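Please work through the exercises below with the sequence and the structure open beside you. Each one sets a task and then gives a solution in steps.

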Amino acid sequence: MERQDTPLNDGFIATKLAPARWDPGGAISRAPQELANVATASLISITGSAGSGKSTLMGQFHAACVAAGRKTGWVNLEADDNNPAAFSRYFIAALAHIDASIPDRSFGIQGDDSATAFDELCTRLLSCMAAWQKPAAIFLDDFQHLTHPQIIAFFDRMVLHLPATTQMFIASRHRLPLQLARARVSGRLVELDQHALNFNPTETTELLRHVHGLDIGTDDVNTLWQATEGWVAGLQLAAIALQRRHGAIHDFICSFSGRDKDLTRYLSETVLNAQPDAVREFLLHTAPLHRMCADLCGAATGVPQPAALLQQLERNRLFLIPLDRNGEWFRYHHLFGAFLRDRLRTREPQMFETICDRAERWCLDNGFTTQAIQYALDAGHFEHAAELIADRCLAVAQSDGDLYTILDWMRRLPPSYHLRQPQITLSHAWARAFSHDPQQAIDLADQVLKRLPDSAALGWPTGVSRRRAAEDFALAIQAVARANLDDTAHCMASSQALLQRVDASEAFILATAGNCVSYANFAVRALDVAMNTAAEAYRQSQRAASPYAAVWADFLYAAAAIERGQLTVAQQHAERAEINTASAGLMKNYSGCLATLLKAEIACQRGDFEHAAEHMQRGRSFAAVFGPLEALLIAYRTDARICAWTGNLTDALRILSDGRDVALRRGHARLYIHLAIEEISLRLLAGQATEALEKISELGVELNPAPQASSAFGSRSSTLFLLRMLGARIALAAGNPRAAATLLEGLVADHEEGPGALVPLALAGLHAVALWECGAREQAVDTLCRAMTAATPENCLYVLASCGDALRPIIDALDAARSTAMDEMPETIQEFIAQLVAMLDRRRNPSAAHTARERPTTSSVPPPHVSLTGREIELLKLVSDGLPNKELARAANVSETTVKWHLHNINEKLGANNRTAAVAKAREWSLI
């Protein structure tokens with residue numbers, strides 16, 4: 001064959017053996033958790049749909065292997081390579097890059113049907129590879145092109161006999177057709193699937209902002225990430241389109257879909273047109289299905305053996321996402337599904353309607369009423385859709401709290417159908433009451449209240465009890481909307497009147513009104529009343545069998561408990577809320593967001609920013625659509641604190657700016673001022689005093705407003721209190737501790753919520769700093785000690801750590817004065833102090849907390865500021881003898897926690913990263 005005579009180094013061969021380009025400066029380094037075991041695996045399988053970044057990830061692995069000094073061989077596979085003769089030629093050429101002793105022709109075979117020759121070739125190749133002594137890596141890209149039985153059999157043998165020094169990386173659009181069970185059980189196999197390849201929100205942010213230079217807000221990044229589901233090609237195409245856009249970034253991102261022309265061209269050429277006719281038709285005819293199983297696919301399309309086709313789509317990684325562990329239910333990737341639906345509507349509009357009709361009938365027959373409504377709306381059968389919505393909407397609104405679905409129904413149902421039945425209008429109003437348009441909820445409820453007397457003429461349900469139930473629900477909706485408008489006085493009055501009006505049988509209305517009373521009290525920080533009314537609202541929600549109302553009751557109780565510093569109680573209610581939403585299948589909707597917001601806030605208060613960030617991944621979407629103010633404040637504030645304390649102040653400030661924009665659009669003065677206070681506080685914490693002062697002027701923040709200003713903020717005193725506390729922070733930053741101390745002493749006298757409440761703890765921390773800087777050092781140490789004692793039981797770290805590095809000298813003074821006294825301090829407090837110091841260190845240098853400590857020094861004289869106490873020198877001498885912590889504690893007659901505390905301080909003073917380095921430094925400086 002002529003191709004066999006082509007030299008291995010010709011141009012065509014070179015393209016076949018060229019690795020995917022990896023540019024560390026222009027690409028994003030992928031590091032999902034699944035990559036942790038790659039270094040010890042023999043076989044790394046990377047499978048995903050087109051445009052998932054498989055080749056790029058392979059390029060990253062290849063670059064890492066080359067940097068480590070490993071020999072590598074790479075083959076870019078194509079459809080023409082699916083015969084033993086062609087494949088063997090390129091594979092041998094790739095191996096020749098690893099082992100130059102492999103002849104480039106004597107190993108070749110001369111015909112596609114030379115089965116015996118190919119088997120002999122495989123045996124000889126494996127024998128050569130077995131002799132390799134140095135580490136090597138083989139890369140095979142686009143493996144989906146290889147299906148020839150002999151080639152597959154060769155790789156099955158290779159997987160079993162791959163040398164210990166060799167790794168093999170295989171990228172494929174399809175699941176690998178290899179015998180991998182033994183490698184999987186032995187731990188020699190790492191499988192990276194579509195989930196591992198998809199970008200997470202952080203990587204999406206890096207791609208859009210830093211690689212493509214797009215100035216995109218956090219909410220817009222998250223919207224695009226959700227639309228693309230992290231699919232790399234989708235994100236890249238969206239970024240390109242954004243750079244060419246005309247108009248606002250936000251508008252483009254909200255409209256980005258499978259109809260984008262670049263995306264359509266990519267999916268048509270790369271995915272759809274490459275499929276056999278039967279598969280292509282099945283893809284198009286199942287596109288209208290929001291979620292699908294084999295039975296539904298069969299009923300909707302009429303194709304035989306739909307289960308086999310679904311299995312084929314999943315095996316071939318055709319953007320089919322499983323929805324359960326049993327592999328019964330699936331959906332298409334959002335962008336791919338939108339692309340298919342648009343293609344079907346364009347080419348076969350009548351078929352689209354027919355598929356929707358069949359799917360609706362199947363859903364009704366199988367008890368899936370909510371899904372049936374979706375298909376009736378998709379088909380444009382609005383009369384029938386309105387009838388179905390009237391039957392189902394109250395359960396979806398009141399029990400499930402699935403506000404997304406209600407709003408989606410109303411968006412797609414023509415307005416002329418919205419007043420067909422009062423339950424439709426009231427469910428719409430209920431969803432709007434929690435959204436960014438609560439005034440519309442009030443107006444919709446008013447329409448129902450005005451029409452109820454003429455219900456018979458309108459064709460609405462008649463009867464006193466049914467009209468009374470509709471009226472009560474309308475009044476409850478208006479109370480919720482008033483809460484969302486931050487009209488707490490009106491919300492309180494109407495909710496209490498509603499509690500007096502309804503009888504015991506209306507448990508859902510009682511739960512809703514109780515939650516509104518709790519919310520209004522929480523807004524003015526009447527925490528005891530808020531918690532008591534939330535507990536009663538929870539009891540009524542259980543009677544009403546409404547998980548949604550129960551989650552709101554738990555949210556309010558937990559939010560008040562957090563303010564009181566009762567983080568353990570708050571955690572219990574957050575977990576109960578999560579259990580209620582999970583058991584009702586509501587984790588992905590509004591209720592699930594509330595539960596995760598609580599967990600993020602609690603983790604943040606405990607200084608556990610890693611877990612806080614995990615919870616915020618889901619809680620963050622809450623702010624994009626819904627309120628009310630207190631939940632929005634927690635969402636924006638917690639998200640910003642996580643970013644700031646993990647080294648990304650820029651993103652933190654962007655989040656707070658986005659939140660203030662929402663506050664301005666909705667007229668929420670209190671939300672605006674609280675987020676402004678948070679930004680200024682974070683800037684002060686970061687040492688940006690000048691920028692903080694500029695922001696005070698820019699944002700119009702008045703640090704000492706008149707008492708009558710409280711009505712403008714809709715709160716009794718909490719906002720005014722925070723403003724005055726911010727004034728104390730500013731005074732400290734400006735070098736005026738006496739003014740700060742005077743302010744703080746007045747605030748302490750005015751604010752009593754119990755010893756562990758967050759605001760008193762914050763005041764105590766700032767007061768300690770002010771006293772220290774005024775020269776009252778013993779009083780400062782005593783004040784901080786009392787604050788830490790109060791904060792320790794619940795591990796309330798954030799509220800003290802937010803006082804910043806100014807706490808360090810006070811803690812150091814405590815350390816110096818406690819050579820013996822510290823041994824009498826409870827271990828829990830000692831541990832709390834150690835965590836507080838570590839948290840302050842992490843804030844100062846989140847990415848490299850110990851870098852400065854690890855720098856070697858050649859000086860044999862300790863710096864002037866380094867001095868160890870007698871106890872510390874005694875412990876260091878024991879450490880140099882190799883004693884572990886337990887033995888150190890026994891020898892020094894102190895607790896093990898005290899030993900840890902001492903060792904932490906020794907490392908701090910000596911600039912050491914561990915005990916061994918500390919001993920070395922101490923010896924070098926003749927301290928021991």
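The exercises that follow concern a predicted model.

**Exercise 1. Determine how helix 18 and helix 19 are arranged relative to each other, and list the residues that form their contact.**

Step 1. Helix 18 covers residues 369-379 and helix 19 covers residues 382-400, and their axes come within 9 Å and cross at roughly 150°.
Step 2. Angles over 145 degrees count as roughly antiparallel, and therefore helix 18 and helix 19 are roughly antiparallel to each other.
Step 3. As for handedness, helix 18 passes helix 19 in a left-handed crossing.
Step 4. On the side of helix 18 the contact is made by Thr369, Thr370, Ala372, Ile373, Ala376 and Leu377, while helix 19 contributes Phe382, Ala385, Leu388, Ile389, Arg392 and Val396.

**Exercise 2. Find how many disulfides the whole structure has, and examine Cys293 in that light.**

Step 1. A disulfide is a covalent bond between the sulfur atoms of two cysteines.
Step 2. A search of the whole structure finds 0 disulfides.
Step 3. For Cys293, the closest cysteine sulfur belongs to Cys297 and lies 6.7 Å away, which is too far for a bond because the two sulfur atoms would have to be within 2.5 Å.
Step 4. Turning to accessibility, Cys293 is buried with a relative accessible area of 9%, and Cys122 is likewise buried, with a relative accessible area of 2%.

**Exercise 3. Compare the settings of Ser45 and Gln542: is each residue buried or partly exposed?**

Step 1. Ser45 lies in strand 1, which runs over residues 43-47, whereas Gln542 lies in helix 27, which runs over residues 527-543.
Step 2. Ser45 has a relative accessibility of 4% and therefore counts as buried, since the cut-off for buried is under 20%.
Step 3. Leaving aside residues up to four places away in sequence, Ser45 touches Ile170, Leu176, Leu189, Val190, Glu191 and Leu192.
Step 4. Gln542, at 45% relative accessibility, counts as partly exposed.
Step 5. The C-alpha atom of Gln542 is separated by 8.9 Å from that of Phe508, although these two residues are 34 residues apart along the chain.

**Exercise 4. Describe the span of helix 24, its buried residues and the residue Asp486 that follows.**

Step 1. Helix 24 has 21 residues, 464-484, and reaches 30 Å from its first C-alpha to its last, which is close to the 30 Å expected at 1.5 Å a residue.
Step 2. Among the buried residues of helix 24 are Ala470, Asp472, Phe473, Ala474, Ile477 and Val480.
Step 3. Helix 24 is followed by Asp486, whose phi is positive, near 65°.

Conventions. Residues numbered from 1 in each chain as written. Predicted model: local features only at pLDDT ≥ 70, side-chain atom pairs only at ≥ 80, totals over all residues. Heavy atoms only, no water. Helix = DSSP H or I, 4+ residues; strand = E, 2+ residues; numbered from the N terminus. Buried < 20%, exposed > 50% of the residue type's maximum accessible area, 1.4 Å probe, protein only. Contact = heavy atoms within 4.5 Å. Expected span 1.5 Å × (residues − 1). Axes fitted to C-alpha atoms, helices over the stretch in contact; angles between N-to-C directions. Parallel < 35°, antiparallel > 145°, perpendicular 65-115°, else oblique. Left-handed = near helix turned anticlockwise from the far one by under 90°.
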